[in-house]
Each structure stands twice: as structure tokens, then as C-alpha cells.
Amino acid sequence: MDVQGLKSRHTLLKEYAYTRGDIDRGYNNRTLYVNLSENSVAEKPVSEEMKEKFIGGKGFGLRLLWDGTKPNTKWDDPENEIIISPGPVAGITQYSGCGKSLVVSISPLTDLVIDCNVGGYFGPYLKFSGFDALEIQGKAARDVILVIDGTKGTVCIEEAPEEAQDSHILAEQLTEMYADDETDKRNVSVVSAGSAANFTRIGMLNFSWYDAKRKKVRIKQAGRGGIGTVFRDKNIKALVVKIEGIASNLNHVADLPAIQERGRRFAREMKELDHLQAHMKEVGTAHLMEIMNDYDLLPVHNFKYGAHDDTVKIDSHHLKKRFTQGIPDGCWVGCMMSCCKIAEDFKPRTGPYAGQVVDVEGPEYETAAGVGANCGIFDVDVLLELNFYCDTYGIDTISFGTGIAFAMECYENGIIDDEITGGIQLNFGNAEASLELIHQMARGEGFGVTVGQGVRQMKRIFALEYDANAQFLQDIGMENKGLEYSQYVSKESLAQQGGYAMTNKGPQHDEAWLIFMDMVNKQIPTFEDKAEALHYFPMFRTWFGLMGLCKLPWNDVEPEDNAEQDEPAKVPEHVDNYVTVYNSVTGKNIDKRELIRQSERVYNFQRVFNLRRGYGRREHDAQPYRAAGPVTMEEYESRLERYDQQMKEIIGVDPEGKTPEEKLAITREYREGLYEKLLDAVYKRRGWSRDGIPTIEHLQSIGMDLPELIDTVKLYLG
Amino acid sequence: MVTSKKATITVNGRIIEWEDGMTVKRVLEVMNYTFRMLVIKVDDRIVKKDDYASFPIPTGADVKVIHMVAGG
Ligand code: SF4
């Protein structure tokens, strides 16, 4: 690879020198601001109030984005920003899962704030380079890279015309370019998108790290909401960060032995229990494939069904055979869960890299379920190929899978035809169609570009241009707030319907996953129980995003005596670990209640941020009916016994003698009514009005009565 | 469908038929509960994983099979 040749074509647009300094108890106390329209770079101080109210990570991202944008800023306005912030705990190597970055921007899919939690080394390295967040505004005239060199104390904006666009090549080129030698490669991390992020709204970002054992550049994805699209719209080819190396206490924490002790406890659990519990080290989240299928929760054919006989062909037993075993797969140093599986030496058979030997990061559960079962594709090789191309082209596997599945159902219903698809026969199960569409997205041509606009745009286009029934599209189009659903069937879990559609950013499962508690265990039967769960879990999980933590070590392995605890679903021992880790980093003294309060402040801030942009009300928490129940007769009949029984025993109507249409309508009316009652209960629990707006009293009670928030809610509270 | 004459047990609130010699392991099979991170209580008594195959389920038992939240 002639990286020096590539580098010689760079034009330096700006060089900014800074003094690095030491991190103090998890904070640098400053952020880095870069404006690509003006080629300017500046440092911003972090105030005590910012740390107190916003903590870090996503909290910092939201604060900076609020200040940097106007209520009507669009995703492709130069003033939109991309903010990457690692959080105070990020960079710790003594406890598992402490290397996450939080990425925040205004989304091209939702017109709202989107946030993603992503692994890879960029966030911790940004912090070790001297900054608690990177805030990028403006648009470059031509493709640039931004290089933060913590070894020299420089930030450079460089035009970079010749490097590849696709991530698996670009990340390797830049790692080699900025490392002094082979050993130094581990000190470089790259953020990049890919060619499909140029033409779609579902672009994502890859965050790299160098896997020294395999001698390979690896990537993790900030997938949701189209931040890769914003990145390419700003003409950013890549971000590069470089440090001198990782040492044991670069965060200069208050109490390192306390963190080490909790880290050792967790490591012991992983060693003794993972092989009996979730098998994260062997297969990562892919272990959920067969589980979700068994519980009728795996989306099949655009979420019509929850299981398929052919799932056995793409379950974790098959995927495991493709994953390299025995080499640690942590996306940050010291993670004992080590779940980032990789299928090495794979040869795609289509597209620009056909026949080349490449590596595939995953597939994780969401990818296998989304591009596989949900599209009726049950072939491991196709899954690997789609996974590889989604990553390198820079598109989100979840939105891709849900989008293709929606288009397939539209095709099978005659809403779109061969003329519209350009001759692609978009039936469920047609792997060639899916592969062709992904390459079209990367080339910016054909029907692939339409699918790449996301489900909400497809609904608009199909109704407007092809005269489709808008209500039917609304019912089967699995998006809320403009974001595609992630891969769980929520029909039989009312709480999960809320866990999806009542989210701030759109239906991603990282706020709350309540299906087992609700549907299987029957632990939260009343509206009040569900509302309590829809308060606690979203707040608790928001906290990972404030810290720079990974969610998986919280509950994908559980202490042996967890069952005997009062509230095992919360995994109390791990919650206590987190409180200890936070206190030991920062020197503060919070307890588990204050942990929730910290999140509540930021969660409410995000809700009001949505309100400021004209959203964030009850009407925006509406869900497509397919998330709640059977839209079509074929769906109803596929679970006839279940639905008839529910009608009789729960709704209190005898299905005998009812026409199929009547049964569908009765079920629908009942289920839609339940969701409205759930909204009432949850809003009440969260301290919001019936319209879903945080009340002034609530904002005061959680210490988040900032003048700009009060002014915003006042406009709506009447 | 469960008729009133047959012996039954309750599993996570659902009434199912009791079988002669029924164990925890058999209940999991009948319910198709394949998830591994479970907490099982039979009439409020926790059953350890090693005992699933031998722990007898009496008629009328209240069985709780709590699936811990993993994934997601
Ligand atoms: S659990 Fe997996 S995703 Fe989370 S930090 Fe560890 S390796 Fe990364």
C-alpha cells in the first residue's frame, strides 16, 4: 500500500497547536471545536455546571448541539454538528466495557437529535489526546480528514483526495499512514463512513481499532439515524486520532484499587459463568437468533411473524463456525466479555470486492435478524456478504434490513412493480435483490437510492407517486419518528411497544428491552408496573451513554446469586459496581438513586430538545400498527388460536361467527386502546403532561429547570 | 385446551396440564423455554439448574420461570 503517495496529495488547510495537559478524575475540562466551513479550530472550557447537569458522553453532545444549532436547523445545514464524546469513565481498562464513544447529531431520518453508542478506540484516544468531546460544525469544500495528534498536540484539517471511501480500505490506509511503525498502529484510531453514505439517509460511522493479535484493523459501528450521511455531507472522509500509548491510569482516577477490585469480580463471573449463560465470548449477541425464534420474537417478513423454520440455517451454531475462536475480541482494552466476533477470510461473490479476501465484523444479532430473517433470507453466506458491504459502504444494517423488508412487502402487495424497481424482483427471500440494492446504494443509482432514503421517505414517495394506500403503508412501515425499528417483534408485549415508540430518538432497543419481563415472565401486569419499568430502565440505560460504557456487561452475564436478589432484573450487584466505578473515577459520592437522577436530567433535556424542534409530543410517540398487532388476515391467521383466545378471554368477545375483518378490527381497537392507556401511565410516571411534555414542577424537582428548557415547555404546556 | 377434570399446574400465570412424573426440565420443554438465563421457582422455592431434571412438580404447583433480561 503506497500510503506515502496518498499522503503526498494532502493539502494542509489548518494546523492548530495545543498543550495536552493531564486528565483530572475522568475529565480534561475542555472540548475541541472544529469548523470545516471556516477551517477554524478552538478549545472550549467545560464548566462545573456542564459536568453536574450533563455528566459527559451523550449529555455533553446534547448540550453542545443545543447551543450550536437553531430550532429549525436541518441535518444538511452547515450549522448541524457531529459531536463525539467518550464520557468520564471512558478509557478505564480495569473494568469491562469502558471504551464507548457517544455520537450525537441532527438526523436525516428523524429531523431529531440522534445518539449512538459505539466501541472502537476513538473516544478514549480523543480523551487521552486532551478533549472531553469533539464538536464538528460547517462543511468542507472538498473531502477532508481531521487529524488529532495527541503525541504532538496538533489538530490538522487536510484535504485528502485520493484515499478510498469504503471503510475496510480507508481505515487501513489511514492507520498505516499515521502510525510510525507496526507497533504504533495500536495507537491510531479512525472514524470513517463509506460510499453508500453519500447517497442514502442511513449512513453510519465505523470506529476503528488495531487488533494487534490478528494484525488487522477492526471496526465498530455507530449505526443508527444516519450520522454517516451527515459526515459525508460535511465532506469528511475520516477522523484520525493518535496517542503515545495506553497506560494504566491515564484518567487519573480518585481510587484505582476500588475499580480494580470490581473489575476482578466481573472477570471472575465471565470466566465461570459465560459458558453457562449467554456465550458472549463465543458468539456475541448472535446467541439470540434461536432464542428469539423460539419465543416468536424474531422478525420475519417485515415483522409479520416472529419465527421461521429456516432460522435453524442462520442460528448461532452456524454463525459460530464462521467466527474465529480463541482470540480475544474486545472493542476496548480490558473488556472480559470480548464479544466482537469476526468472520475472517471471507470472499464476497458480488460487488466491487468480489473474489477478494475480506473480514466481516459480525454478524451480530441485529444484523442477522435484520438483513436475514426479516427479509426472508436464511443463508449465512449472504448474511456475511450483506454485513460486510453494509459496514464498508457505511450503512446501518438495522435500517437497511427493515427498509428492504418494507420494500419487499410493498412489492409483494403490488404497490411497487418491476418498472419501479428497475426489474428487481423484490420478493421476500430474494438474496440477489438485496445484494443488488446495496450496490446501487453505493453507486448512487437505481431503486437502491429510494430504499436508502428510509421507510418514512419510501412511504411518502409510494403514496405520492404510485398512488399507494397511505394508511396501509403507515400500518406496515416499521418506523417511528422516522427511524426504522430494530429487530424484535413487539406485538405481544405492550411494555416493549412503549420501549420502542416512546423513545427520544426512535425505536432502538437501547432504552428498554422489556419483552421477557412483560410477555414471558408476566412480572409487570398492570399499567403502573409497566410505567415503572418504562421509567427505570430507560433512565438506567441512558446512564451508559453519559459515562462511555457498554451495556452488555451489565446483564449479558449475571452473578450466580443474582436470582436471590430483590430485583434480579436490575442486576443489583452490577449496578453497585457501576456506582463504585463512577465514584472511584470522579471522587464523587453518588448512590444508585442519584445515578437515575443524573440520567433523568439528560433524558428530559433530550425530550425538550425534541420539543424545541417541533416534536416530542404524544402524537410523535404513535406506533405503526404492525408493532402492536396483526395488520393483515394472513398475520391474524398465522396465530389464529392465540388471537381468538385473547379475544374470548381478555377482550371478552366471542370470536365464533365473526368475519375475519371483524376479528381484525376488534383486535386492533383493543390493542390501540391499550397503547393509549400505556402512554397516560408512563407520562404520569415520568412527570410529563398528558401530551408528553415535561412539566415545570418535574424539571424543578430533578434540578433541570434551566431557563431555556422552561421557556420551551411553557410554549406547549398552556 | 385444558379441561377441568385433568390435573394442572400454573406456569408464569398460564394453566397447563400436569403430567405424571413431571419435572422442571419437562415444564421447560412443554413451554418451549429455551433461554438459558432463567430463575425458576416452584411454589416460591428456587430450583437450582443442576436439579432441573430431577425436581418433581406436584399437581397444582405454581411455577415461575423468570427469564432474565439479556441481549437487547
Ligand atoms: S461487551 Fe462487547 S461490545 Fe461491549 S465493550 Fe466488550 S467487546 Fe465491546
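The following exercises concern a pocket and several salt bridges in a predicted model.

**Exercise 1.** Determine which residues lie nearest the centre of the second largest pocket, and describe the lining.

*Solution.* Step 1: the volume of the second largest pocket is about 540 Å³. Step 2: its lining holds 21 residues, and those nearest the centre are Gln277(A), Glu560(A), Leu38(B), Lys49(B) and Tyr52(B). Step 3: by class, the lining has 12 nonpolar, two polar and seven charged residues. Step 4: strand 3 (38-42) and strand 4 (45-47) of chain B each contribute at least two lining residues; the largest share, three residues, belongs to strand 3 of chain B.

**Exercise 2.** Establish which parts of chain A are tied together by the salt bridge between Lys242(A) and Asp180(A), and classify each partner as buried or exposed.

*Solution.* Step 1: the closest N and O atoms of Lys242(A) and Asp180(A) are 2.8 Å apart. Step 2: Lys242(A) belongs to strand 13 (residues 236-242) and Asp180(A) to the loop between helix 5 (167-178) and strand 10 (188-192), so the pair links parts that are 62 residues apart in sequence. Step 3: buried means under 20% relative accessible area and exposed over 50%. Lys242(A), at 7%, is therefore buried, and Asp180(A), at 63%, is exposed.

**Exercise 3.** Classify the accessibility of the partners in the salt bridge between Glu182(A) and Lys185(A).

*Solution.* Step 1: the N to O distance in this salt bridge is 3.2 Å. Step 2: Glu182(A) has 37% relative accessibility and counts as partly exposed, whereas Lys185(A), at 15%, counts as buried.

Notes. Residues are numbered from 1 along each chain as its sequence is written. Chains are lettered from A and ligands numbered from 1 in the order in which they are written. This is a predicted model: local features need pLDDT of at least 70, side-chain atom pairs count only at pLDDT 80 or more; totals for chains, interfaces and linings use all residues. Side-chain values use heavy atoms; hydrogens and water are left out. On a 1 Å grid over the protein atoms alone, a cavity is a set of points where a 1.4 Å probe fits but cannot get out, and a pocket is an open set with protein on both sides within 12 Å along at least five of seven lines; lining residues have an atom within 4 Å of a point. Grid points are joined across faces, edges and corners, and a volume is the space filled by probe spheres set on the points. Helices (H or I, at least four residues) and strands (E, at least two) are DSSP runs, numbered from the N terminus. Ala, Val, Leu, Ile, Met, Phe, Trp, Tyr, Cys and Pro count as nonpolar, Asp, Glu, Lys and Arg as charged, and the others, Gly among them, as polar. A salt bridge is a side-chain nitrogen of Lys or Arg within 4 Å of a carboxyl oxygen of Asp or Glu. Buried means under 20% relative accessible area, exposed over 50%, partly exposed in between (1.4 Å probe, protein chains only).
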